[in-house]
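Good morning, everyone, and thank you for making the time. Before I say anything, please take a moment to look at the sequence and the structure on the screen.

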Amino acid sequence: MGKTVKKQRPVNLDLTTIRFPVTAIASILHRVSGVITFVAVGILLWLLGLSLSSPEGFQQAAAVMDSFVVKFIVWGILTALAYHIAGGIRHMLMDFGFLGETLAIGTRSAQVAFGITVVLSILAGVLVW
């Protein structure tokens, strides 16, 4: 039988002290925005179907969209979609070889994707409200 070795490894259980690199944050947010977009498709299709069903359905959809909470949710959906598209284009450019796969380029492209998302999020806010 093998000998059990007791190693004195540092254990960090305080998750608030762990600092993710911007590329990891970009990857995690891309996955989260994909899930949000997937769920949002059902909500948006329901709202579209309601608005196209009849003139009364259109009035109901317009009434639903007048709520601040619904406008905020739609703004969140559009922001998630904008980030998912920006992150997806970033990944495609890397996959096709237009962007190098170094840490510096990955960090910079993630920052650019965040910047584009902020601009598109502001535009979506103007559009919704």
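I will go through the helices and how they cross, and then turn to some individual residues and a surface patch.

Let me say at the start that what you are looking at is a predicted model, and I would ask you to keep that in mind throughout.

I will begin with the helix that spans residues 22–53, which I will call H1, and with the helix that spans residues 103–128, which I will call H4. How do these two helices sit relative to each other? Their axes come within 8 Å and cross at roughly 50°, and H1 and H4 are therefore described as oblique to each other. As for the handedness, H1 passes H4 in a left-handed crossing.

H4 has a second partner to consider, namely helix H3, which covers residues 68–95. The axes of H3 and H4 also come within 8 Å, but here the crossing angle is roughly 150°. That angle makes H3 roughly antiparallel to H4, and the crossing of H3 and H4 is right-handed.

While we are on H4, I would like to point out Val126, which has its place in that helix. Is Val126 buried or exposed? With a relative accessibility of 62%, Val126 counts as exposed, because the cut-off for that class is over 50%. Along the chain Val126 lies 51 residues from Trp75, and the C-alpha atoms of the two are separated by 9.4 Å.

Let me now go back to H1 and look at the surface. A nonpolar surface patch of about 690 Å² is made by Leu15, Ile18, Phe20, Ile25, Ile28, Leu29, Val32 and Ile36. Two of the contributors that I would like to pick out are Ile25, which is found in H1, and Leu29, which is found in that helix as well. Ile25 has a relative accessible area of 34% and is partly exposed, while Leu29, at 38% relative accessibility, also counts as partly exposed. If you follow the chain from Leu29 to Pro55, you cover 26 residues in sequence, and the C-alpha atoms of these two residues are 39 Å apart in space.

His30, by contrast, also has its place in H1, but at 17% relative accessibility it counts as buried, because the cut-off for buried is under 20%. His30 and Asn12 are 18 residues apart in sequence, and their C-alpha atoms lie 27 Å apart.

Finally, I would like to mention helix H2, residues 55–65, where Phe58 is found. Phe58 has a relative accessible area of 49% and is therefore partly exposed. Ten residues along the chain from Phe58 is Leu48, and the C-alpha atoms of this pair are separated by 8.8 Å.

That is what I wanted to show you, and I am happy to go back to any of these residues on the screen.

Definitions and conventions: Residues are numbered from 1 along each chain as its sequence is written. This is a predicted model: local features need pLDDT of at least 70, side-chain atom pairs count only at pLDDT 80 or more; totals for chains, interfaces and linings use all residues. Side-chain values use heavy atoms; hydrogens and water are left out. Patches are made of residues with over 30% relative accessible area and no salt bridge: like charges are joined within 9 Å, nonpolar side chains (Val, Leu, Ile, Met, Phe, Trp, Tyr) within 5 Å. Accessible areas come from the Shrake-Rupley method with a 1.4 Å probe; for residues, only the protein chains shown count as cover. A salt bridge is a side-chain nitrogen of Lys or Arg within 4 Å of a carboxyl oxygen of Asp or Glu. Helices (H or I, at least four residues) and strands (E, at least two) are DSSP runs, numbered from the N terminus. Buried means under 20% relative accessible area, exposed over 50%, partly exposed in between (1.4 Å probe, protein chains only). Axes are lines fitted to C-alpha atoms, for helices over the stretch in contact, and angles run from 0 to 180 degrees between N-to-C directions. Angles under 35 degrees count as roughly parallel, over 145 as roughly antiparallel, 65 to 115 as roughly perpendicular and the rest as oblique. A crossing is left-handed if the near helix is turned anticlockwise from the far one by less than a right angle, and right-handed if clockwise.
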